[in-house]
Amino acid sequence: PVWSDVCTQEPARSKPFCDPSVALEDRVSDYTERIPTKDQIMMMNNQAAGFAPLGIPPYQWWSEGLHGPLEPCVKFQDKCACPT
């Protein structure tokens, strides 16, 4: 699943972090507390491992945001395909 689809699928759909009636701070806490520290650390590296139990796919985020994300690329309706 893609991140935007996480709360449309079980088992995540029934978790507090997918419930819009729960305060945002509580939702964020619930979400991050479900990811073990060792897995959070693995997500801080250039080629992040992802975390399948929450539907977080592996991703490549490089070391900075100067040129925008590589994938998925932000699309503009201009000659420029990605931000630079």
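Visitor: How many disulfides does a search of the whole structure find?
Guide: This is a predicted model, and what follows is read from its atoms. A disulfide is a covalent bond between the sulfur atoms of two cysteines. C7 and C18 form such a bond, with their sulfur atoms 1.9 Å apart. Over the whole structure, the number of disulfides found is 1.

Visitor: Which hand does the disulfide of C7 and C18 have, left or right?
Guide: The pair links distant parts of the chain, C7 and C18 being 11 residues apart, although C7 and C18 are each placed in the segment before helix 1 (24-33). The torsion about the S-S bond of C7 and C18 is about -80°, so the disulfide is left-handed.

Visitor: Of C7 and C18, which is buried?
Guide: Buried means under 20% relative accessible area. C7 has 33% relative accessibility and therefore counts as partly exposed. With a relative accessible area of 11%, the buried residue is C18.

Visitor: How many residues does the largest nonpolar core have?
Guide: In soluble globular proteins, nonpolar side chains tend to be buried together. Here the largest nonpolar core includes V6, F17, C18, I35 and L54. One of these, L54, is in contact with V6, F17, Y31, R34 and I35 when its neighbours within four places in sequence are left aside. Counted in full, the largest nonpolar core has a number of residues equal to 10.

Visitor: What is the angle between the planes of the aromatic pair that F17 and Y31 form?
Guide: A pair of aromatic rings is described by the distance of the centres and the angle of the planes. The structure holds 1 aromatic pair. F17 and Y31 form this edge-to-face pair, at 4.8 Å centre to centre, and the angle between the planes is 75°.

Visitor: Where in the chain is Y31, the partner of F17?
Guide: F17 counts as buried, because its relative accessibility is 6%, whereas Y31 is partly exposed, with a relative accessible area of 22%. The pair links distant parts of the chain, 14 residues apart, with F17 in the segment before helix 1 and Y31 in helix 1.

Visitor: Is the peptide bond from E10 to P11 cis or trans?
Guide: Most residues other than glycine have a negative phi, and most peptide bonds are trans. P11 has its place in the segment before helix 1. For the peptide bond from E10 to P11, omega is near 5°, and the bond is cis.

Visitor: Is P58 buried or exposed?
Guide: P58 is found in the loop between strand 1 (47-48) and strand 2, and P58 touches A48, A49 and G50, not counting residues up to four places away in sequence. P58 and Q47, 11 residues apart in sequence, are 7.3 Å apart in space, C-alpha to C-alpha. Because its relative accessibility is 62%, P58 counts as exposed.

Visitor: In what order do the elements of the protein run from the N terminus on?
Guide: The protein has 2 helices and 2 strands. Taken from the N terminus on, these elements run α-α-β-β.

Visitor: Which element of the protein has the lowest mean pLDDT?
Guide: Where pLDDT is low, the predicted coordinates should not be read in detail. The mean pLDDT of the protein is 77, and 67% of its residues reach 70 or more. Among the elements, helix 1 has the highest mean pLDDT (94), while the lowest (76) belongs to strand 2.

Methods:
Residues numbered from 1 in each chain as written. Predicted model: local features only at pLDDT ≥ 70, side-chain atom pairs only at ≥ 80, totals over all residues. Heavy atoms only, no water. Core = buried A, V, L, I, M, F, W, Y, C linked by side-chain atoms within 4.5 Å. Buried < 20%, exposed > 50% of the residue type's maximum accessible area, 1.4 Å probe, protein only. Contact = heavy atoms within 4.5 Å. Disulfide = S-S within 2.5 Å. Helix = DSSP H or I, 4+ residues; strand = E, 2+ residues; numbered from the N terminus. Phe/Tyr/Trp six-rings, centres within 6.5 Å; stacked < 30°, edge-to-face > 60°. pLDDT = per-residue confidence, 0-100.
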